[in-house]
Amino acid sequence: MLTIRNLCKSYSSENKNDVMALNNINLTIKAGMFGLLGPNGAGKSTLMRTIATLQLPDSGQIEFNGIDVLTEPQKLRPVLGYLPQEFGVYPGMSAFALLEHFALLKGLSDKKQRHKQIQELLYLTNLTDVQNKAVSGFSGGMKQRFGIAQALLGAPKLLIVDEPTAGLDPQERNRFHNLLSDISENTVVILSTHIVEDVSNLCPNMAVQVNGEIIATGVPSELTSSLNGKLWQATINKAQLSQYQSLHQVISHRLVAGEVQIHVISDTCPASEFNAVVPDLEDSIFFAVS
């Protein structure tokens, strides 16, 4: 179990005012998939780097299975897997050689077992055919799959993946989702993303982070249930948008075939042009941040 208490982290900005990247974060995360959902700039990556012992917070506590993460980071690292949003590679090294290098750093000293695990991970991430090619020459999607493989070295008990499906095509994305689902049976897996579909499909529990704060936690289906019977949809002309925003609680709008489709929160039907719709997780997020 991962427990985060009163975690705070601020950065100095160009205008001299501190920006709160983490503002009193409190979370309890059990084994299984946990989704951390929020827009870009919400502070998700700061939280992930802090949990992964790459930076210290200004205040607060993090504990994982009895390990004080902030004071004993060396005890967490052997059981930690981390895929950052962006990562670099050594030029000229093959996928196999680089995975072996990382495996040795993680303490996988038995050569036979080490090579067996590397081959299994290359297969799981669909990189077996290119294992002897330099990672620096990989496409963006291939590098992302390599990052997934290195994060899984050593069978981590805490796996942190930050925007993991960026650069993956639909087939690779599904493959990765299935892999995460299998791993999460006995592992704490934190999926940090701005992609609502990834969280709704994979995570039985989640939190929403906005402007450094956790504004909602719970089961995805429970977060949507609060909007049942209160969500209405209409398709309007683009020129009418500002008018509707002044008259109704518009939580989202998007272009559909050149017109604007709006979602509105109301206890009763706002007007004759509106139809009731079943809320999904995306509607809940838009409502939470509106």
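Of the 41 residues that make up the largest nonpolar core, M206 and L281 touch the most other members; a nonpolar core is here a set of buried Ala, Val, Leu, Ile, Met, Phe, Trp, Tyr and Cys residues joined through side-chain atoms within 4.5 Å, and buried means under 20% relative accessible area, with exposed being over 50% and partly exposed in between (1.4 Å probe, protein chains only). The model is a predicted one, in which local features need pLDDT of at least 70 and side-chain atom pairs count only at pLDDT 80 or more, whereas totals for chains, interfaces and linings use all residues. Residues are numbered from 1 along each chain as its sequence is written, and side-chain values use heavy atoms, with hydrogens and water left out.

When residues up to four places away in sequence are not counted, L281 touches L37, V196, V199, S200, M206, P220, L223 and T224, a contact being heavy atoms within 4.5 Å. A second core, separate from that one, holds 26 residues, including F34, I67, V69 and I160.

The secondary structure of the protein chain comprises ten helices and 14 strands, where helices (H or I, at least four residues) and strands (E, at least two) are DSSP runs numbered from the N terminus. Of the 290 residues of the chain, 46% count as buried, and among contacts between residues at least 6 apart in sequence, 66% join residues at least 24 apart. Along the principal axes, the C-alpha atoms fill a box of roughly 70 × 45 × 40 Å.

Helix α5 (residues 140-151) consists of twelve residues and spans 17 Å from its first C-alpha to its last, close to the 16 Å expected at 1.5 Å a residue, the expected span being 1.5 Å times one less than the number of residues. Ten of the twelve residues of α5 are buried, so this helix is largely enclosed by the rest of the structure; among them are M142, F146, I148 and A149. The buried residues of α5 pack against β6 (80-83), α3, α4, β7 (158-162) and α6.

A search of the whole structure finds four salt bridges, each defined as a side-chain nitrogen of Lys or Arg within 4 Å of a carboxyl oxygen of Asp or Glu. R114 and E100 are joined by one of these, with an N to O distance of 3.0 Å; this pair links distant parts of the chain, R114 lying in helix α4 (residues 111-124) and E100 in helix α3 (residues 95-105), 14 residues apart. Both R114 and E100 are buried. In the salt bridge between K75 and E72, the closest N and O atoms are 3.0 Å apart; here K75 is partly exposed, at a relative accessible area of 45%, and E72 is also partly exposed, at 24%.

The side chains of R173 and E197 form a further salt bridge (3.7 Å, N to O). Because R173 lies in helix α6 (residues 170-183) and E197 in helix α7 (residues 196-202), the pair ties together parts that are 24 residues apart in sequence. E197 is partly exposed, with 45% relative accessibility, and salt bridges with shared partners join R173, E197 and D198 into one network.

The accessible surface of the protein chain comes to about 14700 Å², of which 48% belongs to carbon and sulfur atoms, as obtained with the Shrake-Rupley method and a 1.4 Å probe. I215, F286 and V289 make a nonpolar surface patch of about 210 Å²; such patches are made of residues with over 30% relative accessible area and no salt bridge, nonpolar side chains (Val, Leu, Ile, Met, Phe, Trp, Tyr) being joined within 5 Å and like charges within 9 Å. Within this patch, I215 is found in strand β10 (residues 213-218) and is partly exposed, with a relative accessible area of 34%.
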